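Ready for a little structural reading practice? Take a look at the model below, then work through the exercises at your own pace.

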Amino acid sequence: MKKKDKSHSHSHLAFDHVSFSYKHSDKFTSVFDNINLTIHEKEFVTILGPSGAGKSTFFRLASGLEQPESGHIRLRDKEERHRLGKIGYMPQQDLLLPWRTVLENGLLPLEIKGMNKKEAREKVLHHMKKFGLLGTEDHYPHQLSGGMRQRVSFLRAILGGNEILLLDEPFSALDSMTRYMMQEWLLEQWHEWDKTIIFITHDVEEAIFLSDRVLMLTHPPIKGEIDEVNVPISRPRNEEHRSDAAFMKLKQDLLKKMRSKERSL
Amino acid sequence: MKKLMTNIFYYGSSLVLVSLLLIVWEVGARIYDKAYILPSPSGILVKLWELRQVLFYVHLPATLQIVVIGLGISMIVGGGLAIFMNRSSFTERTFFPLVIASQTIPIIALAPIFVLWFGYSIWSKVAVTVLITFFPITVSTFDGLRSTSKELQDLLLTMGASKRQLFFKVQVPSALPYFYSGLKVAVTLSVIGAAIGEWLGASKGLGYFSRRMMTQMDGAGVFAPIVLLSMMGICLFLLVKVFENISIKWRNK
Ligand SMILES: Nc1ncnc2c1ncn2[C@@H]1O[C@H](COP(=O)(O)OP(=O)(O)OP(=O)(O)O)[C@@H](O)[C@H]1O
Ligand SMILES: [Mg+2]
């Protein structure tokens, strides 16, 4: 099951015997216990799991907001402790700055990197066009629809310019129609951008439709090797693939696996 | 013009109430007919007109100067203290009790001491003003800084933001609305502070003038500067609102 597509055989992000727990006054909640996993360059991986499984915690570790208690996190085979600013992160809530317009929100990562104002503005506007956000640059976040806010948040993550993007349930708040459209849109963008994407979801169908590989988390603490399933559906994918027999079969299998994992606890 | 009309309409109920009170006052004062105890609104207006020279060119500027300097110092001290207390729980624990204690001191008792320290100069009145106006600014700005969303700060950290960028790009904008509500309270208090200061020792200013008229049993003369003080408070309040609307324009869109 571990065989990899040749196109992304280089390791981009790797967890090596990583353990992590939250400390609450004197209580410890262990979330990860000696886990190992590797994400390859230009791979699209989803992390699938129910609420409380530790998905967001995984992102906090990867992005550098938290450090492992033991073990190493590697970027391109080199251990990297200073990961802040090196990995793009789109948080679970869209977290746009309410006092900034769409354009100014897009400018934020570029400002932080110290880019020249005019150049930054042009770059943001260029991306806004691609994202279908032109005309909203002077709107404030509360004037946008949920789907638009997610796109702005995604735009901001892309503009950070990092090669790894962590997307935490970006579409969970959207209605199913918008969600399908956003999924296809995301794949189109990904084909263009050559990025490594790690995508969190608790929707099995979304996981299959988007990714090369699905990692399954169930309940903390998560130990050792992470269970994974490859998605052998050809790309580019579109709406029709959702009703393929192979797609349906995979969905059934995944659901079954998740259930048996839960039961075995 | 149209905006003015809609505004008048909007505050119509308030205008009616004020007019009613004024009419009752006017009628009551005329029936009672002892102007040195209860002057009538029309009497006060007449007095304002008679005294316009000294009131507007001597006493109003004197008080305004105290208020503006006092508020300026309060904004710097209050804002600075809030930022400082927000730095660590140690600084919070150390300074917050002191800030609160400063408000339990009866100002009236302390003001004469300020006169001893600063003499009859403007600074004794500024000190009283600062003492009562820095508190709302400190407390609300501190709350504002604390209310900054942890998630937003984390997000900026993942973008590689420095402490300084975190402060200016997230904390300051988050605290700004709180700062303004503190400032609005402070502005109305500042007029009171300046007047108390002047009551206790001054040679000019609206508070001083009001008190001097008291000794002359001139009821309307007591009220005329008070009306001006109140107007000053209202104008300053509106001014703060204008600044607030400009700097927090995203809320009104
Ligand atoms: N700051 C924290 N302090 C203590 N425990 C925490 C903290 N954040 C998360 N946890 C715990 O860690 C576990 C994993 O949480 P996490 O947020 O990673 O879940 P998740 O998979 O992202 O869930 P969801 O799908 O609801 O977002 C949970 O049991 C949670 O209670
Ligand atoms: Mg989560």
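Three exercises follow, each with a worked solution.

This is a predicted model, in which local features need pLDDT of at least 70 and side-chain atom pairs count only at pLDDT 80 or more, while totals for chains, interfaces and linings use all residues. Residues are numbered from 1 along each chain as its sequence is written, chains are lettered from A and ligands numbered from 1 in the order in which they are written, and side-chain values use heavy atoms, with hydrogens and water left out.

**Exercise 1. Trace the strand partners of β2(A).**

Step 1. Start with the strand definition: strands (E, at least two residues) and helices (H or I, at least four) are DSSP runs numbered from the N terminus, and two strands pair if DSSP finds at least two bridges between them.

Step 2. Strand β1 (residues 11-24) of chain A runs antiparallel to strand β2 (residues 27-40) of chain A, with 10 bridges joining them. Within this pairing, A:L13 sits opposite A:I39.

Step 3. Now look at the turn: the hairpin has 2 residues between its strands, and A:S25 adopts a positive phi near 45°.

Step 4. β2(A) also pairs with strand β10 (residues 222-225) of chain A, this time in the parallel sense and over 3 bridges. Here A:F32 has A:I222 as its bridge partner.

**Exercise 2. Describe the interface of chain B and chain A.**

Step 1. Count the residues in contact (heavy atoms within 4.5 Å): chain A contributes 25 and chain B 19.

Step 2. Turn to buried area, the accessible area (1.4 Å probe) that two parts lose on being put together, summed over both. About 2,000 Å² is buried between the chains, 69% of it from carbon and sulfur atoms. On the chain B side, B:T158, B:M159 and B:W250 lose the most area to chain A, together 35% of what that side buries.

Step 3. Look for salt bridges (a side-chain nitrogen of Lys or Arg within 4 Å of a carboxyl oxygen of Asp or Glu). The rule finds 2 across the interface; one of them links the side chains of A:R60 and B:D154 at 3.0 Å, N to O.

**Exercise 3. Place helix α10(B) in its surroundings.**

Step 1. Take buried as under 20% relative accessible area (1.4 Å probe, protein chains only). In α10 (residues 206-215) of chain B, B:L206, B:G207, B:Y208, B:F209, B:S210 and B:M213 are buried.

Step 2. These buried residues pack against α4 (52-87), α9 and α11 (219-247) of chain B.

Step 3. After the helix comes B:M217, with a positive phi near 55°.

Technical notes: Buried < 20%, exposed > 50% of the residue type's maximum accessible area, 1.4 Å probe, protein only.
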